[in-house]
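Open your viewer, show the chain as a cartoon, and keep the selection box handy. We will stop at a few residues, look around each one, and then move on.

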Amino acid sequence: MPESDDFQFMRRCLELALKGGGYVSPNPMVGSVIVYKGEIIGEGYHERFAGPHAEVQALASVSDESLLRHATLYVNLEPCSHFGKTPPCSDLIIDKGISRVVIGCRDPYPAVAGQGTARLLAAGIDVTEGVLEAECMKLNEAFIKYHTAGLPLVALKLAQTLDGKIATSLNASRWITGEEARAEVHRLRSVYDAIIIGEATVRLDDALLTVRNCAGRNPLRVVLDRQLRLPLDTKIFCSGASTIVFASSSWSGLPKVALLRERGVQVLFVNENAEELDLRQVLLELYNIRILSVMVEGGSRLSASFIREKLVDKIYMFIAPKLFGGDGLSAFAPLGVSIPDQSVNLRFEQPRFFGQDVLLEAYVDDGLS
């Protein structure tokens, strides 16, 4: 089959896989198509956690199973080879007699990690790997980071003016960006497992951090409140959506801890350094409850803290065609950069427009020198 056909059908796998965003975590997003003589005869995707995998859905959608022995199955992530919530997909593919399998990228999960491919090859199936590998890895970058680095993927989200200000001198920030950009923020919230926000930003905005005006589930809300200073009637504690508050171990004896827990708010304690919570410990606690991805929606100080600690993987920077001038609040608090060689280096993705605002998505290439 021509190589271009492999690309075409793998792109369809990616389109299908995206439909599971926000619903399948801590599993990966996976889509699968089955092709016979250049035509798609079956397709499916992983729709929800603990539900049937993409390959199972695709195989079940084929009306004439006699075609499978001469068909190619495409999948953006290596088929699983272990019993989890569902049986191994590699065994099902073998049982159905599929003659060729095209895989986008390997699964980093230790229980799979090449074993699914090995099982297919041992059964005499023709296997092609690495088709649109970069795109497939980006789709499941949070799943890959979680299983290779032992931490959630961390993204910063900021909205700023063209001159880099996130608020005026009076701390006013509503609204820097327009409705289209704000709608995209809600969509992003729906596909991230958790949103992290600092106590100062909660106090200023009294934000709910829920998903509105688009389909999708609410993320876990994570509030960093070192001294547990936020009032009990703060909106984020009263909405009913899942919320965790991280505080310093030094304040674990406060009566407010029990009052928050009575409201269904989970309170966890971590160490602090220089009057700041240990952010790596916060992320490790989230890793332990199977949070694959977090989006930080804090202010300049919290964003800078995550950058200084070299914990940020990517940045979503929404830029509005506005100017606040030098008396506005900068997007980042001081990072300790005194010469250009000490800067944080970024790698831009293709810009996207939302109304008049532009979204720059950038990956952090390295930390501070």
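Is Leu 302 buried or exposed? Select Leu 302 and turn on the surface: with a relative accessible area of 14%, Leu 302 is buried, because buried here means under 20%. Please remember throughout that this is a predicted model.

**Stop one: around Leu 302**

Colour residues 300-308 to see helix α11, the helix that holds Leu 302. Next, show side chains around Leu 302, leaving out residues up to four places away in sequence. You will find contacts with Ile 196, Ile 197, Gly 198, Leu 224, Leu 279 and Val 296. Then add Phe 332, which is 30 residues from Leu 302 along the chain; a line drawn between the two C-alpha atoms reads 8.3 Å.

**Stop two: the whole chain**

Zoom out for a moment. The cartoon shows eleven helices and 19 strands. The radius of gyration is 23 Å, close to the 21 Å that the globule rule gives for 369 residues, so the chain is as compact as a globular protein of that length. Turn the C-alpha trace along its principal axes, and the spans come to about 70 × 45 × 40 Å.

Now colour by accessibility: 49% of the 369 residues count as buried. The chain exposes about 17000 Å², and carbon and sulfur atoms supply 51% of that area. If you display contacts between residues at least 6 apart in sequence, 70% of them join residues at least 24 apart. For charges, colour the 38 positive and 45 negative ones; their mean positions are 5 Å apart.

**Stop three: Glu 199**

Select residues 199-205, which form helix α8, and pick out Glu 199. What is the relative accessibility of Glu 199? The value is 11%, so Glu 199 counts as buried. Look along the helix to Arg 203: its side chain makes a polar contact with the side chain of Glu 199, at 2.8 Å. An α-helix has 3.6 residues a turn, so residues three or four places apart point the same way.

Beyond its sequence neighbours within four places, Glu 199 is in contact with Leu 224, Asp 225, Arg 229 and Leu 230. Leu 224 should be familiar, since Leu 302 touches Leu 224 too.

**Stop four: His 186**

Move to helix α7, residues 179-191, and select His 186. His 186 is buried, with a relative accessible area of 10%. Which backbone nitrogen lies 3.0 Å from a polar atom of the His 186 side chain? That nitrogen belongs to Arg 212. Show the surroundings, again without residues up to four places away, and His 186 touches Thr 210, Val 211, Arg 212 and Cys 214.

**Stop five: helix α6**

Select residues 141-149 to light up α6. Among its residues, Glu 141, Ala 142, Phe 143, Ile 144, Lys 145 and Tyr 146 are buried. Just after the helix comes Gly 150, where phi is positive, near 70°.

**Last stop: Arg 48**

Finish in the loop between β2 (39-45) and α2 (54-60), where Arg 48 sits. At 49% relative accessibility, Arg 48 counts as partly exposed. Leaving out residues up to four places away in sequence, Arg 48 touches Tyr 23 and Val 24. Add Lys 19 as well: Lys 19 is 29 residues from Arg 48 along the chain, and their C-alpha atoms are separated by 9.7 Å.

Methods. Residues are numbered from 1 along each chain as its sequence is written. This is a predicted model: local features need pLDDT of at least 70, side-chain atom pairs count only at pLDDT 80 or more; totals for chains, interfaces and linings use all residues. Side-chain values use heavy atoms; hydrogens and water are left out. Helices (H or I, at least four residues) and strands (E, at least two) are DSSP runs, numbered from the N terminus. The radius of gyration is taken over C-alpha atoms; the globule rule is 2.2 Å times the number of residues to the power 0.38. Buried means under 20% relative accessible area, exposed over 50%, partly exposed in between (1.4 Å probe, protein chains only). Contact means heavy atoms within 4.5 Å. Accessible areas come from the Shrake-Rupley method with a 1.4 Å probe; for residues, only the protein chains shown count as cover. Lys and Arg count as positive and Asp and Glu as negative; His and the chain ends are not counted. The place of a charge is taken as NZ of Lys, CZ of Arg, CG of Asp or CD of Glu. A polar contact is a pair of N or O atoms within 3.5 Å; within protein, one must be able to donate a hydrogen and the other to accept it, and residues adjacent in sequence count only if both atoms are side-chain atoms.
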